[in-house]
Amino acid sequence: MDIKLSTGAVATLMKGGEVEKPVFQILGFKKIAGQGGSDRFRLNISDGLHSHTFAMLATQLNHMIPEGELDNNCVIRAEKLISNAVSEKRVLIILDLTVLAKGTAIGCKLGNPVQYTEQNANGAGGKPAGQDSAQNRAPQPETKPTVKSEFPTKATGSFYGQSKSTSVSKSPTKNGSSFGNMSSGDCITIPIRDITPYGSKTAIKARVTNKSAVRTWSNSRGDGKLFSVDLLDDSGEIRLTGFNTAVDQFYDLIKVNEVYTFSKFSAKPANKQFTSLSHDYEISFVNDSSVIPCLDSDSADIPTLSFQFLEIAFIETCENNKIIDVVAVCKSRGDLQTVMARATNKELKKRDITLVDRTNTEIIMTLWGKQAEDFEDDTNPVIAVKGAKVSDFSGKSLSMLNSSSMMINPDIPEAHVLRGWYDNEGMNVPTKSLVGQRGGGGANAPWKMIREASIVDPSSAESGYYFRSKATVLAIKRENALYKACPEERCNKKVMDCNNGMWRCEKCNKEHTDFKWRLILHACFGDSSDSIWGTCFQEQGELVLDNKAEVLGSLYQDEQDAFDAIIKQAVFKSYTAKFRAKMEVYNNENRLKYSVVELNPLNYGEYAQKLLAEIKENVA
DNA sequence: CCCCCCCC
């Protein structure tokens with residue numbers, strides 16, 4: 001077989017030029033381990049003249065390596081290639097390829113390729129592509145130093161060798177500056193992965209990837225202050241918390257992105273509810289803890305980033321309040337808003353941004369405070385978020401926490417792939433939204449017969465599904481229609497009777513001298529096709545019963561007959577109603593729950609017009 | 001030993 005490599009293609013591509021379906025020899029590959037089980041392969045490609053290690057294999061092609069289709073020395077034609085500039089470097093992503101010859105058939109390195117550098121590029125390539133091309137709209141790391149390990153600036157000869165052992169490593173003998181009670185000399189460090197509450201917890205060498213602010217607490221068990229950092233090595237990550245004196249001792253000294261040897265700590269099970277870190281345990285400082293900075297030269301083997309990315313489409317199935325990592329393109333950026341925190345009466349700044357990924361699904365993420373104010377990027381950056389909270393407000397959404405961290409255009413393979421996908425394809429593809437109709441609560445909710453609406457596809461009911469119907473009230477449940485609520489203006493929480501004339505609100509954590517009546521009216525709505533039970537909150541309930549909750553409450557309490565008469569009168573009135581159907585789990589069973597989100601007395605004239613229009617449409 | 005993280 002006549003194999004001809006695309007001589008000069010590496011240099012051309014490295015300068016930002018384009019090469020049509022270049023032919024390369026694969027001189028080696030390296031697995032970049034497991035971010036959320038999504039291993040990636042980095043290839044050393046050669047055009048016979050130059051070789052280059054900044055080529056990533058698209059994940060959908062990963063299988064070719066274990067299956068032996070791609071082997072050392074094989075020759076491939078890159079059918080589809082994305083080239084991205086990443087700060088001063090350039091990364092190629094091979095999206096599709098054809099194997100022209102197996103490595104076993106070739107058996108040796110073709111030509112005498114040298115590692116490509118700008119210096120030896122010797123004019124082999126073409127002119128760089130135009131500055132406005134999609135390829136050049138590449139991630140520019142905002143925090144450069146944090147993202148160096150995935151793509152070392154120097155590709156060394158040893159890079160493609162076997163992977164190093166991670167089980168035991170020596171901590172550096174550091175000249176001077178340790179914090180804490182460290183005695184001099186080396187100590188044995190263990191991989192983060194191996195930390196348990198049971199083993200001897202000598203020391204770990206780890207990079208600080210996130211550092212919290214100092215926070216104080218005060219509760220029934222006492223008060224104090226604390227901070228925490230996220231630590232990472234090549235075996236895993238773990239949260240380290242410092243309480244009280246440890247705050248004074250270590251807080252200012254520990255810097256994000258730096259590598260330290262941490263020795264002496266205690267470990268306990270991690271509460272998964274409050275972290276996206278994968279470790280089963282978390283650690284805290286003890287009395288004789290020490291923190292020793294590592295020299296830069298000693299830190300290169302400690303990775304800088306770790307994510308367990310979840311695809312956006314998958315967030316739909318996440319339970320509420322789960323803490324997750326996500327990488328996505330910021331499709332649009334909302335305005336800065338100011339809202340009042342109900343609990344604290346503090347003013348909050350927020351900004352919603354819309355994220356989209358290769359599942360063609362989008363989700364809204366809320367940024368808070370300074371991060372919301374500072375977010376001004378309108379260039380559809382790729383965003384990697386660690387530790388965002390899943391909220392089920394109106395479908396599914398994400399919210400940043402104080403403990404979350406966000407990187408804009410990070411230099412990681414997932415981000416490059418997303419960049420290429422969005423610029424070439426994603427920006428023009430319609431997306432599914434995980435937002436249940438927001439704000440207007442289904443402003444364009446479709447008209448449905450009730451029968452039709454009640455057999456709605458369960459997957460869309462998962463996040464809340466809106467529809468409109470003409471509906472007649474067929475029955476009303478008189479029991480539990482009213483409850484005593486917290487009198488605070490914005491709080492509607494049910495209060496507890498303290499039996500001393502006071503009413504306790506758990507939400508406000510206060511006792512009040514009075515309460516207000518609130519309505520949760522369960523009514524059966526029907527049309528000619530079927531009927532459903534739906535919940536009418538305050539305003540809708542007041543409309544159905546044609547009385548204010550306040551009046552209804554006192555009647556319910558003191559004049560039952562009058563209350564029943566009101567209910568009787570409310571039956572058989574007709575409305576146009578907007579319902580929200582949502583799948584909920586009740587007694588381990590899925591059931592559709594309906595609430596009435598909008599209610600208007602039926603305007604017969606208007607409704608007849610609507611029916612006439614529909615008839616015309618169907619006859620034509 | 002915290003674990004609050006806000007709003008519609």
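Contacts in chain A lean towards the long-range kind: of those with a separation of 6 or more, 65% are between residues 24 or more positions apart. Keep in mind that this is a predicted model. The secondary structure of chain A adds up to 13 helices and 31 strands. Of its 620 residues, 47% count as buried. The accessible surface of chain A is about 31300 Å², and carbon and sulfur atoms hold 48% of that.

For a concrete long-range case, take Tyr-575, in strand β30 (residues 574–586). Its C-alpha is 6.1 Å from that of Thr-472, although the two residues are 103 apart along the chain. Tyr-575 has a relative accessible area of 3%, so it is buried. Beyond its neighbours within four places in sequence, Tyr-575 touches Ser-469, Lys-470, Ala-471 and Val-473, along with Leu-543 and Val-544, and also Leu-599, Asn-600, Pro-601 and Leu-602.

Arg-207 is another one to click on, and you'll find it in strand β10 (residues 203–211). What about a salt bridge for this buried residue? Arg-207 has none, and the nearest side chain of opposite charge, Glu-258, sits 6.4 Å away. The cut-off for a salt bridge is 4 Å between a Lys or Arg side-chain nitrogen and an Asp or Glu carboxyl oxygen. Glu-258 still shows up among the contacts of Arg-207 outside its neighbours within four places in sequence, together with Asn-257 and Val-259. The others are Asp-230, Leu-231, Leu-232, Ser-299, Ile-302, Pro-303 and Thr-304.

Now for the helices. Here are the residue ranges of two of them:

| Helix | Residues |
|---|---|
| α7 | 413–424 |
| α13 | 604–619 |

Helix α7 has 12 residues and runs 17 Å from its first C-alpha to its last, close to the 16 Å expected at 1.5 Å a residue. Because 11 of its 12 residues are buried, α7 is largely enclosed by the rest of the structure. The buried set mixes residue types: Pro-413, Glu-414, Ala-415, His-416, Val-417, Leu-418, Arg-419, Gly-420, Trp-421, Tyr-422 and Asp-423.

Over in helix α13 sits Leu-611. Is this residue buried or partly exposed? Leu-611 counts as partly exposed, because its relative accessibility is 35%. Leu-611 joins Leu-612, Ile-615 and Val-619 in a nonpolar patch on the surface, and together they have about 370 Å² of accessible area. An α-helix has 3.6 residues a turn, so residues three or four places apart point the same way.

Technical notes. Residues numbered from 1 in each chain as written. Chains lettered and ligands numbered in written order. Predicted model: local features only at pLDDT ≥ 70, side-chain atom pairs only at ≥ 80, totals over all residues. Heavy atoms only, no water. Patch = residues over 30% accessible without salt bridge, like charges linked within 9 Å, V, L, I, M, F, W, Y side chains within 5 Å. Areas by Shrake-Rupley, 256 points an atom, 1.4 Å probe, with all protein chains shown as cover. Helix = DSSP H or I, 4+ residues; strand = E, 2+ residues; numbered from the N terminus. Buried < 20%, exposed > 50% of the residue type's maximum accessible area, 1.4 Å probe, protein only. Expected span 1.5 Å × (residues − 1). Lys, Arg positive; Asp, Glu negative; His and termini not counted. Contact = heavy atoms within 4.5 Å.
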